[in-house]
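Me: I would like to go through the labels used for this model and see what each one rests on.

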Amino acid sequence: MGGLFGRGALRGLLCGPRAPGPSLRARPSSVSQTLKRGPSWTRERTLVAVKPDGVQRRLVGDVIQRFERRGFKLVGMKMLQAPESILAEHYHDLRRKPFYPALISYMSSGPVVAMVWEGPNVVCTSRAMIGHTDAAEAAPGTIRGDFSIHISRNVIHASDSVEGAQREIQLWFQSGELVDWADEGHHSSTYPA
């Protein structure tokens, strides 16, 4: 894929722009630490929420399993009946759409499981994992392709950009609800000393 677009340009086309400002990078201090920890990577976080239909259909475990198998790290999770104030802010960009009232009603109709996942390119990869918003267009193998039954009951939400993820995480979680934990076991089995 080195032709017309470099990796960064291609990522920008597929996943949108990166957030401005400094990125959080893991920086090993020596070659031996690089082998133990793995290569440097930009630490991104994203919000993933299993919507009321996904919770009611008992799909939370399937969603978690897919993200864990992909190698992402869960750093926050909670189940809640989403208050309309959070939903109104979360879907602020859609407030003028004709389906907005039905969307807010649906999202407040049952519990939501909100999660924060961390990993390299987690925002873009999560969007690919969940699939197209419309169930009819979601590819088999994606979460929506495998489980969604209708565009209005599409099981899951994932942030669509790094900036969006930062905004959504702050909206749904307080900083004390997120856990920074060492993932040493995962990396040491992948990159032997």
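**Labels and their grounds**

Me: Why is Glu44 called buried?
Reply: This is a predicted model, and in it Glu44 has a relative accessible area of 4%. Buried means under 20%, so Glu44 is buried. The residue belongs to strand 1.

Me: What makes the approach of the Glu44 side chain to the backbone nitrogen of Val122 a polar contact?
Reply: The distance is 3.2 Å, and the cut-off is 3.5 Å for a pair of N or O atoms. The backbone nitrogen of Val123 also lies 3.2 Å from a polar atom of the Glu44 side chain.

Me: Why is the pair Asp146 and Arg66 called a salt bridge?
Reply: Their closest N and O atoms are 2.6 Å apart, and the limit is 4 Å, so the pair qualifies. Asp146 is in helix 8 and Arg66 in helix 4, so the bridge ties together parts 80 residues apart in sequence.

Me: Why is Arg66 called partly exposed?
Reply: Its relative accessibility is 24%. Partly exposed runs between the 20% and 50% limits, so Arg66 falls in that class. Asp146, at 36%, is partly exposed as well.

Me: How do you know that Lys73 and Glu118 form a salt bridge?
Reply: The N to O distance is 3.3 Å, set against a limit of 4 Å. Lys73 is in strand 2 and Glu118 in strand 3, 45 residues apart. Both residues are buried.

Me: What joins Arg45, Lys73, Glu118 and Asp180 into one network?
Reply: Salt bridges that share partners join these residues.

Technical notes:
Residues are numbered from 1 along each chain as its sequence is written. This is a predicted model: local features need pLDDT of at least 70, side-chain atom pairs count only at pLDDT 80 or more; totals for chains, interfaces and linings use all residues. Side-chain values use heavy atoms; hydrogens and water are left out. Helices (H or I, at least four residues) and strands (E, at least two) are DSSP runs, numbered from the N terminus. Buried means under 20% relative accessible area, exposed over 50%, partly exposed in between (1.4 Å probe, protein chains only). A polar contact is a pair of N or O atoms within 3.5 Å; within protein, one must be able to donate a hydrogen and the other to accept it, and residues adjacent in sequence count only if both atoms are side-chain atoms. A salt bridge is a side-chain nitrogen of Lys or Arg within 4 Å of a carboxyl oxygen of Asp or Glu.
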